[in-house]
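Reader: I am new to reading structures. Could you take one part and walk me through it slowly?

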Amino acid sequence: MSDTDSHFSALRMGQGEMGGSSDGGSDDNIDWNTEDEIEIEKYPVSCCSREAAGPSNTKLFDHFVGMGFSEKLVSRAINENGQENTDLILESLLTYAAIEDSPQEQQIGIVLSVCDNASSDYEENLLDDSSDFDSDSDSEGIYNPSSEEKKMTFLTEMGYTMNEASIAMERCGADASEAELADFICAHQMSKAEDALLPEEKPLPWLSVDDFRKSKKRKFLRYDSCKRNTIRDKKPMCEDDEPIRLPNPMVGFGLPTDSCSQLTHRNLPEPAIGPPYFYYENVALAPKGVWDTISRFLYDVEPEFVDSKYFCACARKRGYVHNLPIHNRCPLRPIPPLTISEALPMTKRWWPNWDTRTKLNCIQTCVGSAKLTERIRKALEDYDGEPPLYIQNYVLNECRKWNLVWVGRNKLAPLEPDEVEMLLGFPRNHTRGGGISRTDRYKSLGNSFQVDTVAYHLSVLKDLYPGGISLLSLFSGIGGAEVALYRLGIPLKNVVSVEISEVNRTIVRCWWDQTNQKGNLIDFADIQQFTAEKLEQLISAVGGFDLVVGGSPCNNLAGSNRYHRDGLEGKESSLFYHYFRVLDLVKSIMSKDQ
């Protein structure tokens, strides 16, 4: 047995040291996602009057009545959605209000009918923090009222000032939805609070004093819990302040279809120059200051923002920080379908001309319920021809929100897991079987890379490593980077995968075996226990890493998280600092060995 094989045998035997969570519990100690398959029963309020609402929800009732909604609509919304999810109640009220404005409001009664013992019409409460709803081109906001006055009223009733609402509308544009406007103001408020609460710089808990001095320029934003609570307090916004603008269009340093606009050279800061190369991904639509912090920690490398709608038939706005070369990139072949009709040709027969979508929205970790699609079907069946405009708007809002596609006359359905696999560039049945539930498949896919986009960036490695690559994959998920490299024809000599989800580790291991990989795969569970000693052993065993890739959890960054959008200080998204910690250790150990 060779020395290398001996190293790997010892490492595999030692994986038990890494298998637990940071607190010694199971892998599920972190609530990465919410369950998206179970219909959660809601217990309806027994009466529509305020007096009969009971003391438990009187305050909630008064809150929405105080926002200007009628008592009847508030009671209906609470009846239908229960008392726990205020966001769901608010959206229902907005839908009711929009329909009431229509002269045909009586005709839509079937759309708003409420069954006394029905469960929630939507599974929106199952939208986890890692979803990021897109809102440009073919993917507009969920609710888009017809007048600026309504938006101004809505924002002021939420507690924002007229000045904040006015600035948000000016900066985001007249077509922006309330969700976008509120996110704009919220992101600004959070950034203002972060600036005010920035503490004195202290050594990172996992770095020695010497290591900290070497990274002195990098600021580590830490707050105690009481300071974080003040971030949610509303503060006025000045006209001169605004979140960092993302590029529009979001094409990064160039697209394979547009060679004229491609950037072929960039100057990297000296500490960032590889190898080892690194590649980090997260949601583009993060609160203000997040990408500045990520860039600062990752050696001041400029982020590359890309929307995957230029690589496939669904949107996926992401930011990437990497030190890879950017010339001689090439896309995966064959080029995947770029429109819904190309990707899902069976839907063309039933697709109505008033549904003008050509791209699907961002893939989420959960899907619309059967009750929702049944409700839409009943609303459409009342019309032999084209439904009226207000019905069309209602249906299209739900289609964009849940990525519903037409599967029959008046019939909509959510995407199937194998269709999501295809859209994200994974092989068919990549997440199927092996004891993996349908719920877990949606959850894992919703948190994954878009393979075609990532492969375009990683394609420059093919000429650099013709004999194969050694990869350190942090927050591996279902192996998006591994699949991208494999599809590019780059042999995987050694892969060290760190992923807390046992389901995802099983998916990667099954893919590894089914594709007859010849290299070595070692997996670990918890990045928080991925120590310098363990890294030194691994680097000694594999001879160093050529690429460190990863995308830390975006739970506290995504716009869909209304309650814990705490940026990089959030419970899950703060794990970004462990990506930096491990990367910095790899660079330090490898430079010392050289």
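Author: What follows is a close look at one sheet and the helices around it. Keep in mind that the model is predicted.

Start with the sheet. Seven strands form it, and the sheet is open. Their order is E2-E3-E1-E9-E6-E7-E8, with mixed pairing. In general, strands of a sheet pair through backbone hydrogen bonds, either parallel or antiparallel. Two strands sit at the edges: E2 and E8, the latter covering residues 520-524. Each of these pairs on one side only. On average, neighbouring strands of the sheet are turned by 20 degrees against each other, direction ignored.

Now go to the E8 edge. E8 is joined to E7, residues 492-498, by five bridges. These two strands run parallel. Take one bridge as an example: Ser497 has Asp523 in E8 as its partner. Helix H21 packs on the sheet here. H21 touches E6 (469-474), E7 and E8. Its direction makes about 175 degrees with that of E8.

H21 also has a helix to meet. H21 spans residues 532-542, and H22 spans residues 576-593. Their axes come within 10 Å. How do the two axes cross? The angle is roughly 50 degrees. H21 and H22 are therefore oblique to each other. The crossing is right-handed.

Look at the residues in that contact. H21 brings Ala532, Leu535, Glu536 and Ile539. H22 brings Val582, Leu585, Val586, Ile589, Met590, Lys592 and Asp593. Sorted by class, the contact has eight nonpolar residues, three charged ones and no polar ones. A rule about helices helps in reading such lists. An α-helix has 3.6 residues a turn, so residues three or four places apart point the same way.

Next comes helix H11, residues 290-297. Is H11 mostly covered or mostly open? H11 is mostly covered, with six of its eight residues buried. The buried ones are Val290, Trp291, Thr293, Ile294, Ser295 and Phe297. What covers them? The cover includes three strands: E1 (277-283), E2 (304-307) and E3 (317-322). H22 is part of the cover too. So H22 turns up twice in this tour: it meets H21, and it helps to cover H11. After H11 comes Tyr299, which has a positive phi, near 65 degrees.

Follow the chain on past E3. Between E3 and helix H12 (340-343) lies a loop, and Pro331 is in it. Pro331 and Ala455 are 124 residues apart in sequence. In space, their C-alpha atoms are 6.9 Å apart. Which residues does Pro331 touch, leaving aside neighbours within four places in sequence? They are Pro256 and Tyr456.

For practice, try a residue in another helix. Ile89 lies in H4, residues 86-100. Is Ile89 buried or exposed? Its relative accessibility is 0%, so Ile89 counts as buried. Setting aside residues up to four places away in sequence, Ile89 touches Leu60, Phe64, Ala77, Ile78, Asn81, Gly82 and Gln83.

Finish with helix H7, residues 162-172. Its buried residues include Glu164, Ala165, Ile167, Ala168, Met169 and Arg171. Just after H7, Gly173 takes a positive phi of about 100 degrees. Positive phi also appeared at Tyr299, which follows H11.

Note on methods:
Residues numbered from 1 in each chain as written. Predicted model: local features only at pLDDT ≥ 70, side-chain atom pairs only at ≥ 80, totals over all residues. Heavy atoms only, no water. Axes fitted to C-alpha atoms, helices over the stretch in contact; angles between N-to-C directions. Helix = DSSP H or I, 4+ residues; strand = E, 2+ residues; numbered from the N terminus. Parallel < 35°, antiparallel > 145°, perpendicular 65-115°, else oblique. Left-handed = near helix turned anticlockwise from the far one by under 90°. Contact = heavy atoms within 4.5 Å. Nonpolar A, V, L, I, M, F, W, Y, C, P; charged D, E, K, R; others polar. Buried < 20%, exposed > 50% of the residue type's maximum accessible area, 1.4 Å probe, protein only. Pairing = 2+ DSSP bridges.
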